[in-house]
Amino acid sequence: MTKNLIVYYSYEGNTEALVDGMKSAITADVLKLVPKKEKKTNSLFRFVWGGIQVYMTKKPKLEEYNVDLDKYDNIIIASPCWFGTFAPPIKTFLTDNKLENKNIYLLVCNGGNLRGIWKDYEEILKGNKIISKLDLVYPIKNGIEDAKKKTNEWIGSFLNK
C-alpha cells in the first residue's frame, strides 16, 4: 500500500492553510516542522530576520518529531519561499534526513519571486524523483479558498484519496 507524508513549515499561516485543505484531497500523515527558536512578528522585521536566516545558511534546531521516512513512498514538501529558496526549517529537515528513492511533490507559497528555489530543491533532493511542483502567490491575501482548490486539484491529480 502506498503511503503519503506531508512535511511542512509555515510562518504566516499560508502554507499551513493549504496543508489543512490538502487533507481532504489525499490520505496522508502530516509532519509540521517547528523551530525551537523563532522570531514571530508581523512587522517588516520578519523580512530582515528571514533574510539573515537564508543568507547565513542557518539550519534552525527543530522541536523533536518522530517519523519513519522509510514507510512513505510519496512525500509532499510544503514551504514558504524566503529570499528565493525554501525556508530554513525545511533545510534542516532535508539535511538531517537523507531522502532516497521517494516520489516528491513540492508546494511553495511565495510573494512572486521564486528565483532559485526549484534548483535548490533539485540539488538537495538528488536521488529522488520530483514528480510535480506548484507555487501560489500570497494564498491568504489572494483568496485562500481558491488557493486550497488549486492545491487540492494539483495533489489529487497525482495521489487519490
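Accessible areas come from the Shrake-Rupley method with a 1.4 Å probe. The model examined in these exercises is a predicted one.

**Exercise 1. Overall architecture**

Determine how many helices and strands the protein chain holds, in what order the elements run from the N terminus, and what the accessible surface of the chain comes to.

Solution. Begin with the count, which gives five helices and six strands in the protein chain. Reading from the N terminus on, the elements follow the order β-α-β-α-β-β-α-β-α-β-α. Next, turn to the surface: the accessible area of the protein chain is about 8,700 Å², and 48% of it belongs to carbon and sulfur atoms. Of the 161 residues, 48% count as buried. Finally, consider the contacts in the chain with a separation of 6 or more, of which 82% are accounted for by residues 24 or more positions apart.

**Exercise 2. The nonpolar cores**

Identify which residues of the largest nonpolar core touch the most other members, and which element gives the most to this core.

Solution. The largest nonpolar core has 27 residues, and within it I75, I77 and Y121 touch the most other members. At least two residues of this core come from each of β1 (4-8), β3 (74-82), α3 (88-96), β5 (103-110) and α4 (117-124). The element that gives the most is β3, with four residues. To see the surroundings of one of these members, set aside the neighbours of I75 within four places in sequence; I75 is then in contact with L5, V7, L69, L99, K102, N103, I104 and Y105. A second, separate core comprises 20 residues, among them Y8, A78, C109 and L134.

**Exercise 3. An enclosed helix**

Explain why helix α1 (residues 14-22) is described as largely enclosed by the rest of the structure, and state what covers its buried residues.

Solution. The threshold for a buried residue is a relative accessible area under 20%. In α1, the residues that meet it are N14, T15, A17, L18, V19, G21 and M22. Because seven of the nine residues of α1 are buried, the helix is largely enclosed by the rest of the structure. The cover over these buried residues includes β1, β2 (29-32), β3, β5, β6 (129-137) and α5 (144-156).

The last of these elements, α5, holds W154, which is buried with a relative accessible area of 9%. W154 and M22 are 132 residues apart along the chain, while their C-alpha atoms are separated by 9.6 Å. Not counting residues up to four places away in sequence, W154 touches Y105, L106, L107, S132, K133 and L134.

**Exercise 4. Aromatic rings**

Classify the pair formed by Y65 and F93 from the distance of its ring centres and the angle of its planes, and decide whether each residue is buried, partly exposed or exposed.

Solution. The structure holds six aromatic pairs. For Y65 and F93 the ring centres lie 5.9 Å apart and the planes stand at 50°, so the pair is tilted. Y65 belongs to the loop between α2 (45-55) and β3, whereas F93 belongs to helix α3, so that the pair links distant parts of the chain, 28 residues apart. At 27% relative accessibility Y65 is partly exposed, whereas F93, at 1%, is buried. Elsewhere, Y9, Y11 and W82 form one aromatic cluster, and the charged end of K141 sits over the ring of Y138, 4.9 Å from its centre.

**Exercise 5. Polar contacts and backbone angles**

Find what the side chain of S79 reaches, with which side chain T85 makes a polar contact, and where N101 and R115 are placed.

Solution. S79 lies in strand β3 and is buried, with a relative accessible area of 0%. The side chain of S79 reaches the backbone nitrogen of A87 at 3.1 Å. T85, in strand β4 (residues 85-86), is buried at 14% relative accessibility, and its side chain makes a polar contact of 2.7 Å with the side chain of D120.

For the backbone angles, N101 has a positive phi of about 55° although it is not a glycine; N101 is placed in the loop between α3 and β5 and is exposed, with a relative accessible area of 70%. R115, also a residue other than glycine, has a positive phi near 35°, and R115 is found in the loop between β5 and α4.

Conventions:
Residues numbered from 1 in each chain as written. Predicted model: local features only at pLDDT ≥ 70, side-chain atom pairs only at ≥ 80, totals over all residues. Heavy atoms only, no water. Core = buried A, V, L, I, M, F, W, Y, C linked by side-chain atoms within 4.5 Å. Buried < 20%, exposed > 50% of the residue type's maximum accessible area, 1.4 Å probe, protein only. Contact = heavy atoms within 4.5 Å. Phe/Tyr/Trp six-rings, centres within 6.5 Å; stacked < 30°, edge-to-face > 60°. Lys NZ or Arg CZ within 6 Å of the ring centre and 35° of its normal. Polar contact = N/O pair within 3.5 Å; in protein donor to acceptor, adjacent residues only side chain to side chain.
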